[in-house]
Amino acid sequence: MRLKDLCLRAVGGHLAVLGPPAVLDIPVLLLQDLLPHLTVCQLDELQPGLNKRGISTLSRWIGFIRDMCGPNHVIDVHTEEEAKHKVMRMLFVTIVYGFTNSFVERNAANVNTPGFLWAAARHIRQFPLIMSLDKPLQGLTAELWPLLNLLEKSVRTVSVSQSTHLGKRKTQTPLYVLHRLLDHGVAKSLIVDMQCPNLLAWLLHGRGSLYLYPQLTNFKHTKEAGCVSAASAICCGQETRTSQEQNDQSSLRKRPKMDSVCLEDEEAGGTSHTVDPHLLCQLFTRGHGPPVGVCSLGQIETLEIRQCGSDSLRVLNSALPTFFCLRSLTVHSFSTFRNSDVLDLTRALRLLSDSSLSSLANLDISVLPHIKLILILLDASPNITSLHVEIQSAILGPTFSSYDPRSTESSTSELPLKNLTVKVSDLQTHLHSITAVLRRSPHLSLFHISGMRLTAGCSESQLLTTLSESNHFLKSLMLEDLKLSDCLPEILKLLSDCKLEELQLNDCRLLEKWTDKTESLHQLVVALKKVPSLHTLGLAQNRLAKNVCVLAELFSGCSPSSVNHLNLNSNFIQPADLLEFTNRLRTHHPQHQVTLDLRKNPGDRDPDTWNTAIEGLQQYCVVLVEGWISTSTMADHISNM
């Protein structure tokens, strides 16, 4: 080890003695060399001063992520703050729950300390609450009580997983932590990642919706009643309150009391315990401060249910009609929803949209049994501005003849939709449902569709024509896993008059039927250069191979493209082809830095040529590459041929 490295390591080891001001006074080049020797806490402490000296800490935070997750981990952060929050969250959760990994073991003296937990808590935006791990959470109600106060101020999203039914006394601790974060803290976003309608009812009870679950307010848990069966009793046969009953609710700011919620714990000899949030608050705050008053009402603005079965959906449907503060709703199921379940959800959404108090703007549902349900959902929620759906047709199921649309006028009225994502797993897709939505959405700015397989007599060109005619404000267009080799004229027409900032044509078989691949790709490049707003271009998985050289023309001529992110992932670009692309780029190099994604291309066929090409590209580009092992990846390549 060199003397300079020994000195830098010594500075890192004695930072507390030297003090941040003294360390930040050393020359910038030495400060940059010091980064790899800093611990997580030291980097967090020094980052503001380093930034003032013009030094970015992003590479060091990413280094921590790779050290914890492995060298092949996909880095999904782009700023210092994003990277720091990810590092802090992973370490904080690991330590609080008593987990371990090689990074924690190597750095136990630096991260497994109260000081680190206090520092990390300030950066935690999403807290994962694991219901079954009550013992680690008990620390937050005892010696780590001040930490819970910090989490109240920093946590924006709470994710709940690993259900355990409310009949167990050990659920009191996680329920209390939930209460503190959702009702006393600033968290307004909730993720429910488990199948437990009973707990879902507890979470939604009084936190934004006027609907109160009667069985939850006067409910005795028996030995035979498990989590799901108890919840079924809660949500079955319930009707939403009449408008008069809703108007009788004089205040949304006080929690409806659940004084009679008293559940029997069969493991504790049948003794009862409360799950009422207010009573839990009184129970756990003894000895930690003055008695609490009436707990304020939490407002859930973003709700995501990741494992939503029929029972959970019924719980949700009861709350929806008066869930006025809800801005974003995500409902996911591992299996395809039944038609009847979706139509029940649609009716609840319609009741919500009928109120002028409704705030719902974002809707994400999967998996729908039929593409026609998109129109039905939008007609039921005409104020939605963002819709994300996944579709997989059920083999058997009823038709929609029982569904009665509002009116003929509503089915053709303009929609305020701005973002639309449709992921399809059907063998045959009816294009009419998609084009009908596009024609009714003139303000659409983002459209993403993938996996569409059209019925006989339909062509993807109809989709592109509709986009050209109806969606003039489109900024982001992502077409994935489609057959567009016959659609070059429609693509060129779309590009001739658009405001696109992002265009993704991934796995679209672009060159598959082109007779003169070089000339056709040249035409595409010329059209792309005429879109001055375009900054992101994706052409992954299109078997460009040797034709990649044509793309160098993007940056040539008197009007070069403004693209600064070019994705050529998985295109079977061989080393000689990449070297030719590099040589052409030297002649017409970009006027700005370009991020070039070359991952999953067979660079190991000729490593020397590949590395030479990469070195040449790095003069103008930030090159994203990863190791390709031809013997283990050829099967994946052939599957995309």
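Select Phe572 in the loop between β15 and α26 (575-587); helices (H or I, at least four residues) and strands (E, at least two) are DSSP runs, numbered from the N terminus. Phi of Phe572 is near 55°, a positive value in a residue other than glycine. Phe572 has 15% relative accessibility and counts as buried, where buried means under 20% relative accessible area, exposed over 50%, and partly exposed in between (1.4 Å probe, protein chains only).

The model is predicted: local features need pLDDT of at least 70, side-chain atom pairs count only at pLDDT 80 or more, and totals for chains, interfaces and linings use all residues. Residues are numbered from 1 along each chain as its sequence is written, and side-chain values use heavy atoms, with hydrogens and water left out.

**Backbone geometry**

Next, select Gln541, in the loop between β14 (536-538) and β15 (565-567). Phi of Gln541 is likewise positive, near 55°, in a residue other than glycine. Gln541 is partly exposed, at a relative accessible area of 27%. Then select Ser366 and Val367, which are joined by a cis peptide bond with omega of about 10°. Val367 belongs to strand β8 (residues 362-368). Most residues other than glycine have a negative phi, and most peptide bonds are trans.

**Gln307 and the strands β3, β6 and β7**

Move to Gln307, in the loop between β6 (302-305) and α19 (310-319). Gln307 is buried, with a relative accessible area of 18%. Display side chains here: that of Gln307 makes a polar contact with the side chain of Asp193 at 3.1 Å. A polar contact is a pair of N or O atoms within 3.5 Å; within protein, one must be able to donate a hydrogen and the other to accept it, and residues adjacent in sequence count only if both atoms are side-chain atoms. Leaving aside neighbours within four places in sequence, Gln307 is in contact (heavy atoms within 4.5 Å) with Val192, Asp193, Met194, Gln195, Ser312, His332 and Phe334.

Now show the backbone of strand β3 (residues 189-193), which runs parallel to β6 and is joined to β6 by four bridges. Two strands pair if DSSP finds at least two bridges between them. In this pairing, Val192 stands opposite Ile305 in β6. Continue to strand β7 (residues 328-332), which pairs with β6 in the parallel sense over four bridges. Here Glu304 stands opposite Thr330 in β7.

**Salt bridges**

A salt bridge is a side-chain nitrogen of Lys or Arg within 4 Å of a carboxyl oxygen of Asp or Glu. By this rule the count comes to 21 salt bridges.

Select Arg106 and Asp67, whose side chains meet in a salt bridge of 2.7 Å, N to O. Arg106 lies in helix α8 (residues 102-106) and Asp67 in helix α6 (residues 58-69), so the pair ties together parts that are 39 residues apart in sequence. Asp67 counts as partly exposed, at 36% relative accessibility.

Turn next to helix α20 (residues 339-353), where Asp344 and Arg347 lie three residues apart, about one turn of the helix. Asp344 and Arg347 form a salt bridge, with the closest N and O atoms 3.0 Å apart. Asp344 is partly exposed at a relative accessible area of 37%, and Arg347 is partly exposed at 41%.

Then select Asp379 and Arg440, a salt bridge whose closest N and O atoms are 3.0 Å apart. The pair links distant parts of the chain, 61 residues apart: Asp379 in helix α21 (residues 373-380) and Arg440 in the loop between α22 (431-439) and β11 (446-450). Both Asp379 and Arg440 are buried.

Finish this section by selecting Asp44, Glu81, Lys84 and Arg122, which are linked in a network of salt bridges.

**Aromatic rings**

A search of the whole structure finds seven aromatic pairs. Rings of Phe, Tyr and Trp (its six-membered ring) pair if their centres lie within 6.5 Å; planes under 30 degrees apart count as stacked, over 60 as edge-to-face and the rest as tilted. Select Tyr97 and Phe99: the ring centres are 5.8 Å apart and the planes are at 20°, so the pair is stacked. Tyr97 counts as buried, at 4% relative accessibility, whereas Phe99 is partly exposed, with a relative accessible area of 40%. Add Phe92 and Phe127 to the selection to display one aromatic cluster with Tyr97 and Phe99.

The last stops are two arginines over rings. Arg180 lies over the face of Trp145, at 4.8 Å from the ring centre, and Arg207 lies over the face of Trp202, at 4.7 Å from the ring centre. A charge sits over a ring if NZ of Lys or CZ of Arg is within 6 Å of the ring centre and within 35 degrees of the ring normal.
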